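Open the model in your viewer, show it as a cartoon, and keep the selection tool at hand. This tour goes from one selection to the next and says what is to be found at each stop.

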Amino acid sequence: MSYKASRRNRNDCMRWISDAVRNQGRIGALRHYLTATLDFLRDLTPERRRARYGDIDYDFDHGVDTTWANVSLRTRLRELAAGAQYQASEPGLFHDIIRALPVPPDGFSFIDLGSGKGRTLLMASDYPFRKIIGVELLDELHQIARKNIASYQSEQQKCFDIESFFEDARDFKFPADPLVLYLFNPFPDYVLRTVLRTLADSFRSAPAREIYVIYHNLVHEDTFRAQSWLREVHRTHQFAIYRAMNPETPA
Ligand SMILES: C[S@@+](CC[C@H](N)C(=O)[O-])C[C@H]1O[C@@H](n2cnc3c(N)ncnc32)[C@H](O)[C@@H]1O
């Protein structure tokens, strides 16, 4: 790695850590990093490393690299600083989730914030979405996602307009399209709140379109429940789907 790239990585990590301290306070951030470090160490044990290879079938079937098993130690350390860990969505569950949407995908743009190596972008492309967008904080995962998008082959593929962006989800500008937003518990709560504020602003600026938000792995479910403009339309123990609504509209 070049000196410039390594300095940039260090700066990113410092920014993420000071962000965590600013938003969670010193004690909150310390607690968060202690828990994350314990998870990180547990992930290094032989049993956990073996278990991680359990998600590799998708890659064999499609000739891509989306598994979390081979994520480098350096990337895992950067994930730790960012407060988020890459793990790809399980294909069977992902298809159940898309089938649970109360509308057909046609005409909707699918957006995955925290898209990692892009497995959901590939899986979503087997549905007739109008456009598919991924947004990923870690450049190394985004670069792999771009390669995966270029090499993906599936007889089922129906959407070919797929892009991955290297960006903090908090800076992402939502397009004024009908949207299906997918979140596989990608961020700490303070990032999630900022993203939902941006989405609410986008909805207010073009309220005639439909927006659905899928939240997979319900860790910060209370944050969704606190949004008066989001109405839960489907829920299981693994995921929930919300629809953006004018809060005045009767249920
Ligand atoms: C649990 S993984 C989900 C990956 C993918 N969405 C999937 O379902 O297969 C969460 C991803 O969110 C990314 N992430 C964390 N914070 C982010 C942020 N602020 N902006 C963009 N991506 C972020 C992490 O690097 C990680 O790749």
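Why is strand β7 (residues 239-244) largely enclosed by the rest of the structure? Keep this question in mind while you select residues 239-244, and remember throughout that the model is a predicted one. A residue counts as buried here if 20 or more other C-beta atoms lie within 10 Å of its own. Five of the six residues of β7 are buried, and therefore the strand is largely enclosed by the rest of the structure.

**The partners of β7**

Next, add residues 211-216, which make up strand β5; this strand pairs with β7 in the antiparallel sense, over five bridges. To see one of the places where a bridge joins them, pick Tyr215, whose bridge partner in β7 is Ala240.

Now add residues 230-235, strand β6, which also pairs with β7 in the antiparallel sense over five bridges. Here you can pick Arg231, which has Arg243 as its bridge partner in β7, and then His234, whose partner in that strand is Ile241. If you follow the chain between the two strands, you will find three residues between β6 and β7, which together form a hairpin.

**The whole sheet**

Widen the selection to the sheet, in which seven strands follow one another in the order β3-β2-β1-β4-β5-β7-β6, forming an open sheet with mixed pairing. At its edges are β3 (162-166) and β6, each of which pairs on one side only. From one strand to the next the twist averages 20 degrees. Helix α7, at residues 139-151, packs on this sheet and touches β2 and β3, and its direction makes about 165 degrees with that of β3.

**Around the ligand**

Select the ligand and the 27 residues around it, among which Ala84, Gly114, Gly116, Ala169 and Pro186 come nearest. Colouring this shell by class will show 14 nonpolar, seven polar and six charged residues. At least two residues of the shell come from each of α4 (73-82), β1 (109-113), α6 (119-124) and β2 (131-136).

**Stepping back**

Finally, show the entire chain, whose secondary structure comes to nine helices and seven strands. Its C-alpha trace spans about 50 × 45 × 35 Å along the principal axes, and 33% of its 251 residues count as buried. Because a compact globule of 251 residues would have a radius of gyration near 18 Å, the 18 Å of the chain agrees with that expectation.

How values were computed
Residues numbered from 1 in each chain as written. Predicted model: local features only at pLDDT ≥ 70, side-chain atom pairs only at ≥ 80, totals over all residues. Near = placed C-beta within 6 Å. Helix = DSSP H or I, 4+ residues; strand = E, 2+ residues; numbered from the N terminus. Nonpolar A, V, L, I, M, F, W, Y, C, P; charged D, E, K, R; others polar. Buried ≥ 20, exposed ≤ 12 C-beta atoms within 10 Å, placed from the backbone. Pairing = 2+ DSSP bridges. Axes fitted to C-alpha atoms, helices over the stretch in contact; angles between N-to-C directions. Contact = placed C-beta atoms within 7 Å. Rg over C-alpha atoms; globule rule 2.2 N^0.38 Å.
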